[in-house]
Amino acid sequence: MSKKLEGNGLWESSRIIIPEHKEAYLRLMKDRQRRGKPELDDQEVQLIEQALIESYNTRTTVTLLVFSPFDDTAMTGVVTSINTARREVKLFRSEDDFSWIKLEDIISAG
């Protein structure tokens, strides 16, 4: 008991973390792991566009690597629609599962 009363021991032993501070700290740690989007050269962009158009025309499966600030996502499916105005493609993955993917978020296609 005497150690708690020495120096700043009384205050040190009574520290608490409120839930709001804990959540803010965890958000800060997660934001520090955020990474930037890689720059694609023109040749890589052309290869991605060719793979998308080929999948659209021939209805073949394509695998897209989609950028995310924390972890990239691989998506496999058939391109069923290309919206040039919104710069998005519709990737049909299964019976009732499809996704609209922005062209600028696609890192690679194969």
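Student: How do the side chains alternate along strand β1?

Tutor: In this predicted model, V62, L64 and V66 of strand β1 (residues 62-66) point to one face and are buried. T63 and L65 point to the other face and are not buried. In a regular strand the side chains alternate between the two faces of the sheet.

Student: What makes β1 and β2 a pair?

Tutor: Two strands pair if at least two bridges are found between them. β1 and β2 have five bridges, in the antiparallel sense, so they count as paired. One of the partnerships to look at is L65, whose bridge partner in β2 is A74. The two strands also form a hairpin, with six residues between them.

Student: And β1 with strand β5, how many bridges join them?

Tutor: Three bridges join β1 to β5 (residues 106-109). The cut-off is at least two, so this is a pair as well. The two strands run antiparallel, and V66 stands opposite I106 in β5.

Student: Moving along, how do you know that β2 and β3 pair, and in which sense?

Tutor: Strand β2 (residues 73-83) and strand β3 (residues 88-94) share five bridges and are antiparallel. With at least two required, they therefore qualify. V78, for example, has F92 in β3 as its bridge partner. They form a hairpin with four residues between them, and R87 in the turn has a positive phi of about 55°.

Student: Which strand does β3 pair with through six bridges?

Tutor: That is strand β4 (residues 97-102), running antiparallel to β3. L91 has S99 as its bridge partner in β4. This hairpin has two residues between its strands.

Student: Why is E88 called buried?

Tutor: E88, found in strand β3, has a relative accessible area of 9%. Buried means under 20%, so E88 belongs in that class. Leaving aside its neighbours within four places in sequence, E88 is in contact with S81, I82, N83, W100, I101, K102 and L103.

Student: What makes the meeting of R86 and E88 a salt bridge?

Tutor: Their side chains come to 2.3 Å, N to O. The limit is 4 Å between a side-chain nitrogen of Lys or Arg and a carboxyl oxygen of Asp or Glu, so the pair qualifies. A polar contact of 2.3 Å also joins these side chains. For that label the limit is 3.5 Å.

Student: How many salt bridges does a search of the whole structure find?

Tutor: Four. Among them is the one between R34 and D31, with the closest N and O atoms 3.6 Å apart. That is within 4 Å, so the name applies.

Student: Are R34 and D31 buried, partly exposed or exposed?

Tutor: R34 has 45% relative accessibility and D31 has 43%. Partly exposed lies between the 20% and 50% cut-offs, so both residues fall there.

Student: What about the salt bridge of D97: which residue is the partner?

Tutor: D97 forms a salt bridge with R93, the closest N and O atoms being 3.3 Å apart. D97 is at 31% relative accessibility and counts as partly exposed. R93, at 34%, is partly exposed too.

Student: Finally, which residues form a nonpolar patch on the surface?

Tutor: I53, Y56 and I82, with about 240 Å² of accessible area together. I53 lies in helix α4 (residues 42-58) and has a relative accessible area of 44%, which is partly exposed. Patch members need over 30%, so I53 passes that test.

Conventions. Residues numbered from 1 in each chain as written. Predicted model: local features only at pLDDT ≥ 70, side-chain atom pairs only at ≥ 80, totals over all residues. Heavy atoms only, no water. Patch = residues over 30% accessible without salt bridge, like charges linked within 9 Å, V, L, I, M, F, W, Y side chains within 5 Å. Areas by Shrake-Rupley, 256 points an atom, 1.4 Å probe, with all protein chains shown as cover. Buried < 20%, exposed > 50% of the residue type's maximum accessible area, 1.4 Å probe, protein only. Polar contact = N/O pair within 3.5 Å; in protein donor to acceptor, adjacent residues only side chain to side chain. Contact = heavy atoms within 4.5 Å.
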